[in-house]
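User: I'm new to this structure and would like a close look at its pockets. Could you walk me through what lines them?

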Amino acid sequence: MIKYRKENKILFKILWEARTLIALFILVAIFGIKVPNFLTVENMLTVTKHVAEYALLGIGMTFIILTGGIDLSVGSIVGFAAMIAGGFIYEGIVLQKLGITIFLSIPLVIILTLIISALVGTLNGLIISYVRIPPFIATLGTMYVFRGFALLRSNGMTFPNLQGKPDYGNTGFEWLGQGFIGGIPVAVIIFIIVAIIAAYLLSKTPFGWYVYAVGGNEKAAELSGLKVKKIKILCYTISGFCAGLVGLIVASELVASHPAIGEGWEMNAIAAAVLGGASLSGGIGSIGGTVIGAFIIGVLNDGMVMMGVSEFWQKVVKGIVIVLAVGLDILQQEIRKRQITKAIPDGK
């Protein structure tokens, strides 16, 4: 009887740890049965391309959540980055005093946009670390600030026709969001590279261990000599960089940029991380889990669209999934607390 109970306990533990992956397989199976063309190679590539955008945002968010923080401004940074890149390509850099306009090459546009996006993330980190405003409040404020700057960049208008002009030497931007390498979308390759680097950073470098330490117990990490503020700022910088990358990919895919790009995407990023097992209390999570979480959101989105589910019901379903994910996170924390209490003699 005891052996039977032990086996059940081990089986339950395995199923619990693999719950996200199991949920993904169930979703794929359901949509595969319900939607005739869902499991085709072409559709899977489309789904993966959409997943790449959620996953890149989720990867940046994972670094922040691991420190016990949150970033509600990533969606606005996506729109801000798209407008920055769009402005560089469509309008160029106008030097009014000299009476000239400079058009940058596409590699320079990409590099500058990523630097600005990363600095925007750094600003979030500085406000949270040095002004000591709680992450939720600080990034709620900057969410509106960055969206406002995105609207101001074009006075609320769209930058169209981002193909560039050969005379200006700024053509080829659409390759980032529409191009393929060996039959695989460029956006997917970028996502894979970023995911591998992020996973390596978190699991194989001292920086990654420090991130977990800060999220596990910030006070203890500070007393141990870790530069907690710098670690947090770097995490927000990484998140800003990832959001900038998504802004570039989306603007490139549309060959246009609009200030509304990325609206509400912060919830997709948070959901991807939490669905993947990241704890909102910090210290627990992984890049692999976030990638699986992003696939759940992507499969859910594309599957419901292909089934003809209305946009309103899509929001309802996604909301329920997020609530369930957070509920499971709270349950997991409670189980962990009970295990720790049991491990201490007399509950002391």
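Analyst: Sure, and keep in mind that this is a predicted model. Let's start with the packing before we get to the open spaces. The largest nonpolar core has 92 residues, and L57, I59, F63, F173, F191 and I287 are the ones touching the most other members. Take F173 as an example: setting aside neighbours within four places in sequence, F173 is in contact with A85, I89, I106, L162, L248, A251 and S252.

Now for the pockets. The largest pocket holds about 630 Å³ of space. Its lining is made up of 21 residues, and Y54, W265, N268, N301 and K318 lie nearest the centre. Several helices pitch in here: α3 (41-66), α11 (228-254), α12 (265-275), α13 (287-307) and α14 (311-343) each give at least two lining residues. The largest share comes from α14, with six residues. As for the chemistry, this lining is an even split, with seven nonpolar, seven polar and seven charged residues.

The second largest pocket has about 490 Å³ of space. Here 24 residues form the lining, with A23, L275, I296, V321 and L324 nearest the centre. You'll meet α12, α13 and α14 again, each supplying at least two lining residues, and α2 (19-34) does so too. This time α2 provides the largest share, eight residues. By class, the lining of the second largest pocket has 19 nonpolar residues, along with three polar and two charged ones.

Technical notes: Residues numbered from 1 in each chain as written. Predicted model: local features only at pLDDT ≥ 70, side-chain atom pairs only at ≥ 80, totals over all residues. Heavy atoms only, no water. Core = buried A, V, L, I, M, F, W, Y, C linked by side-chain atoms within 4.5 Å. Buried < 20%, exposed > 50% of the residue type's maximum accessible area, 1.4 Å probe, protein only. Contact = heavy atoms within 4.5 Å. 1 Å grid on protein atoms, 1.4 Å probe; cavity = no way out; pocket = protein on both sides within 12 Å on 5 of 7 lines; lining within 4 Å. Points joined across faces, edges and corners; volume = space filled by probe spheres on them. Helix = DSSP H or I, 4+ residues; strand = E, 2+ residues; numbered from the N terminus. Nonpolar A, V, L, I, M, F, W, Y, C, P; charged D, E, K, R; others polar.
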